[in-house]
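The following exercises concern the fold of one protein chain and the packing of its helices. Please study the sequence and the structure before reading each solution.

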Amino acid sequence: MEDIEFKKWVQTQIKTNLVPFLKNSGFKKCSINYFARERNNIVQYLRFEIKRSKVRLYGGICPIYFPFQVLPYCGFQLPAAERRLCANGIYVPIPVQGAPSVTAEAVSQWSALESIIQKSIIPQFDKISNLDELMAASPYDVPDNDVWNGVKWYAQGVYQCLSGEFQTGIKQLTAAYHCKQGFLKYLEDIGRQFEPQKVQLDAIFSYIELLYCAISSKGFNRERFLKVYAEIVSESKKWYKL
C-alpha cells in the first residue's frame, strides 16, 4: 500500500507543480513520467523513475541522431548542497519512511528536487541549445575498443558533416563502420544477437552501416548525406518518443 500511495503522490506533484513549468520551458510530455524537448539537432530529457518508495531522476542532453545518451555526454555542474541529492549526472533518491502516509521528510525532499530542476537543471539545459554547444562541452573519454570507438567516430563524423567539414566527417564515419565487425564479435562473446530494433547501442551501429552504404554509393554528396541523416533522425526520435 505504501508504494502505491507514494507513487500516486509523486505523480500528483509532477502533474501539479512540474508539468506546467516544463511545458512553458518547451518540454513535451512523452509519457506519464518522461519529458523531452528537441532543439537544433539535440534532445534534452528528464525521466522520473518511481519505485519502492523512492524517486530517481534521470536527465541528459544528447544529439538527436543518438537513440540514447552515450556520446557526447555533458555533465551537470551542481552546487555541493545539491550534489547531495544529485549524483551520477542527475540521480535523486527520495526515501519515504513510515507507512502508509507520505512523510514530512519526503515532502521537503520533493520540494528541494523541484527547486533543483527549476533553478539549476533547466538553466543548464538552456546554456546548451544546439549541437555546436553540446559538442564543444562534451569530452570523448571512452575505452579504446571497437565498440566505443565506433560510437565515438559516429558522433564526430555526423557532426563534422553537418558543420561543414564534410570530407573529415566521411573519413570518421568510414572509421566507425570498420569498427562494426569488432562490435559483432563483442556481441558473439557475450552471447547476444544484433537487435537494432530493441537495443539502442545496436541501433547506432545500424545507423553507421546505413551511412556507409550511402557513402559507398556512386555520386554520394552532401545532399545524399542529409537525406540519410533525416532518416536516421526520424528513427532515433522514436526512442525519445518525440
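Before the exercises, it should be stated that this model is predicted.

**Exercise 1.** Determine how helices α8 and α9 are oriented relative to each other.

*Solution.* Two packed helices are described by the angle between their axes and the distance between the axes.

Step 1. Helix α8 comprises residues 200–215, and helix α9 comprises residues 222–240. The angle between the two is about 165°, and their axes lie 10 Å apart.

Step 2. Angles over 145 degrees count as roughly antiparallel. Helices α8 and α9 are therefore roughly antiparallel to each other.

Step 3. The crossing in which α8 passes α9 is right-handed.

**Exercise 2.** State which residues make the contact of α8 with α9, and classify them.

*Solution.* Step 1. From α8, the contributors are Gln200, Ala203, Tyr207, Leu210, Leu211 and Ala214. From α9, they are Arg224, Phe225, Val228, Glu231, Ile232, Glu235, Ser236 and Trp239.

Step 2. Sorted by character, the residues of this contact are nine nonpolar, two polar and three charged.

**Exercise 3.** Describe the largest nonpolar core and identify the helix that supplies its largest share.

*Solution.* Step 1. This core has 67 residues. Among those with the most contacts inside it are Phe48, Trp110, Tyr154 and Phe225.

Step 2. Helix α8 supplies the largest share of the core, namely nine residues.

**Exercise 4.** Summarise the chain as a whole.

*Solution.* Step 1. The chain contains nine helices and four strands, arranged along the sequence as α-β-β-β-β-α-α-α-α-α-α-α-α.

Step 2. Of the 242 residues in the chain, 46% are buried.

Key. Residues numbered from 1 in each chain as written. Predicted model: local features only at pLDDT ≥ 70, side-chain atom pairs only at ≥ 80, totals over all residues. Heavy atoms only, no water. Core = buried A, V, L, I, M, F, W, Y, C linked by side-chain atoms within 4.5 Å. Buried < 20%, exposed > 50% of the residue type's maximum accessible area, 1.4 Å probe, protein only. Axes fitted to C-alpha atoms, helices over the stretch in contact; angles between N-to-C directions. Parallel < 35°, antiparallel > 145°, perpendicular 65-115°, else oblique. Left-handed = near helix turned anticlockwise from the far one by under 90°. Contact = heavy atoms within 4.5 Å. Nonpolar A, V, L, I, M, F, W, Y, C, P; charged D, E, K, R; others polar.
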